[in-house]
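Student: I would like a close look at a single part of this model, taken slowly and set in the context of what surrounds it. Could you choose one element and build the picture outward from there?

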Amino acid sequence: MFPIWSSPHRASGIKPSWRSGFISLLFPGKCPFCLTLSNSQGQEIPGLCPACEKDIHWLLPPWCPRCGRPFPKGSTSHLCSDCLQEKLAYDWGRAAAIYQGVLAQAIQRFKYQGEVNLAGPLGWFWNKVKFEELSFEAIIPVPLHPTRLRERGFNQALLLGKTLGKIHKKPVLSGALRRIRNTIPQVQLDHSEREKNVRGAFAVRNQQEIMDKRLLLVDDVFTTGATVNECARVLKKSGAGEIIILTLARVGEE
Ligand SMILES: [Zn+2]
Ligand SMILES: [Zn+2]
């Protein structure tokens, strides 16, 4: 019922020759994460050196098959309490990896230091999804409020969504959803405050664009999921068919 990730060394449907061409164009020998010159590359992410790739904790089962919440090793996959109580507005969700180590550092450099070239290698983290099982129709990035967009100069979710759109030849509906209230950064808040903070913060701009569609909602980091859940709630209310959440990294829970 729920798609799973490819195993770590499984081909993803993207041809290796295409991949390596893409790699050498973008990263001539320099690892985009640690910036050291490397003659060898890891198996999964174009251009990443083996040391950085080894530091990635891919999100694999055991997990909640619906929302992708990771469970400790040795347990079995099962629906989490939120999913059992049907608290979530989206249909299912996955993150590529745990938010830690070199990946967390790269996301921070990408987001807060304006290293937008990282959108390429970061977007490849989703290459592990079995996209052939998704058959999604369009990508919606979590929008930023115009004020925040002016400050940052770019929307990280949009850049990641564009990488994904290029790889899978799917449209990115960058204007379908907008943030109508400039919320305070979620990072300063606890779980219930986060939900309140984003409530009513989003609106659908063009209902026709999303009506009955199977949509991928993308963002960089999944912490409590309050933001993506609120986006999903609004999209569903406006007639979206199915909402799948894809984030790069999920803050680990023990
Ligand atoms: Zn590296
Ligand atoms: Zn769950």
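Tutor: The expected span of a helix is taken as 1.5 Å times one less than its number of residues, and with that rule in hand we can begin with helix 7, bearing in mind throughout that this is a predicted model. Helix 7 covers residues 156-168, and because it has 13 residues at 1.5 Å a residue it should span 18 Å; its end C-alpha atoms are 19 Å apart, which agrees. Helix 7 is followed by K169, whose phi is positive, near 50°.

Which residues of helix 7 are buried? They are Q156, A157, L158, L159, L160, G161, T163, L164 and G165. The cover over these buried residues includes two helices, helix 4 (101-112) and helix 5 (119-123), together with strand 2 (138-141), strand 5 (214-222) and strand 6 (242-250).

Those three strands lead us to the sheet. It is an open sheet of four strands, in the order 1-6-5-2, and the pairing is parallel. Strand 1 (92-98) and strand 2 form its edges, each pairing on one side only. On average, and with direction ignored, neighbouring strands of this sheet are turned by 25° against each other. Helix 4 packs on the sheet, where it touches strand 1, strand 5 and strand 6, and its direction makes about 105° with that of strand 6. Helix 7 also packs on the sheet, touching strand 2, strand 5 and strand 6, with its direction at about 130° to that of strand 5.

The pairings can be followed one at a time across the sheet. Strand 1 and strand 6 run parallel and are joined by six bridges, and within strand 6 it is L246 that serves as the bridge partner of R94. Strand 5 and strand 6, again parallel, are joined by eight bridges, with F222 standing opposite R250 in strand 6. Strand 2 and strand 5 are parallel as well and are joined by four bridges; here I139 stands opposite L216 in strand 5. As a general point, the strands of a sheet pair through backbone hydrogen bonds, either parallel or antiparallel.

How far are these strands covered? Strand 6 has eight of its nine residues buried, so it is largely enclosed by the rest of the structure. Strand 1 is mostly covered, with five of its seven residues buried. For the chain as a whole, buried residues make up 38% of the 254 residues, and the secondary structure comes to ten helices and six strands.

One residue ties the helix and the sheet together well enough to be worth inspecting in the viewer, namely L248. Leaving aside its neighbours within four places in sequence, L248 is in contact with A95, A96, I107, L122, F125, L160, D220 and V221; of these, L160 is among the buried residues of helix 7. L248 is also one of the residues with the most contacts inside the largest nonpolar core, a group that consists of L122, L217, L235, I243, L248 and A249, while the core itself has 60 residues. Domain 1 (15-54) and domain 2 (55-250) both give residues to this core, so it lies between them. In soluble globular proteins, nonpolar side chains tend to be buried together.

Contacts between parts that are distant in sequence are a wider feature of this chain: among contacts between residues at least 6 apart in sequence, 70% join residues at least 24 apart. A second region gives an example, beginning with Q186 in the loop between strand 3 (177-179) and helix 8 (191-198). Q186 has 17 C-beta neighbours inside 10 Å and therefore counts as partly exposed. Not counting residues up to four places away in sequence, Q186 touches R194, N197, T223, A226 and T227. The C-alpha atoms of Q186 and T224 are separated by 9.5 Å, although the two residues are 38 residues apart along the chain.

A226, one of the residues touched by Q186, is found in helix 10 (residues 226-237). A226 is buried, because 20 other C-beta atoms lie within 10 Å. Its contacts, leaving aside neighbours within four places in sequence, are Q186, R194, E195 and V198. A226 and H191 are 7.9 Å apart in space, C-alpha to C-alpha, yet 35 residues apart in sequence.

Terms used
Residues are numbered from 1 along each chain as its sequence is written. Chains are lettered from A and ligands numbered from 1 in the order in which they are written. This is a predicted model: local features need pLDDT of at least 70, side-chain atom pairs count only at pLDDT 80 or more; totals for chains, interfaces and linings use all residues. A nonpolar core is a set of buried Ala, Val, Leu, Ile, Met, Phe, Trp, Tyr and Cys residues joined through C-beta atoms within 7 Å. A residue is buried if 20 or more other C-beta atoms lie within 10 Å of its own, exposed if 12 or fewer, and partly exposed in between; C-beta atoms are placed from the backbone. Domain bounds come from an automatic or database domain assignment. Two residues are in contact if their C-beta atoms, placed from the backbone, lie within 7 Å. Two strands pair if DSSP finds at least two bridges between them. Axes are lines fitted to C-alpha atoms, for helices over the stretch in contact, and angles run from 0 to 180 degrees between N-to-C directions.
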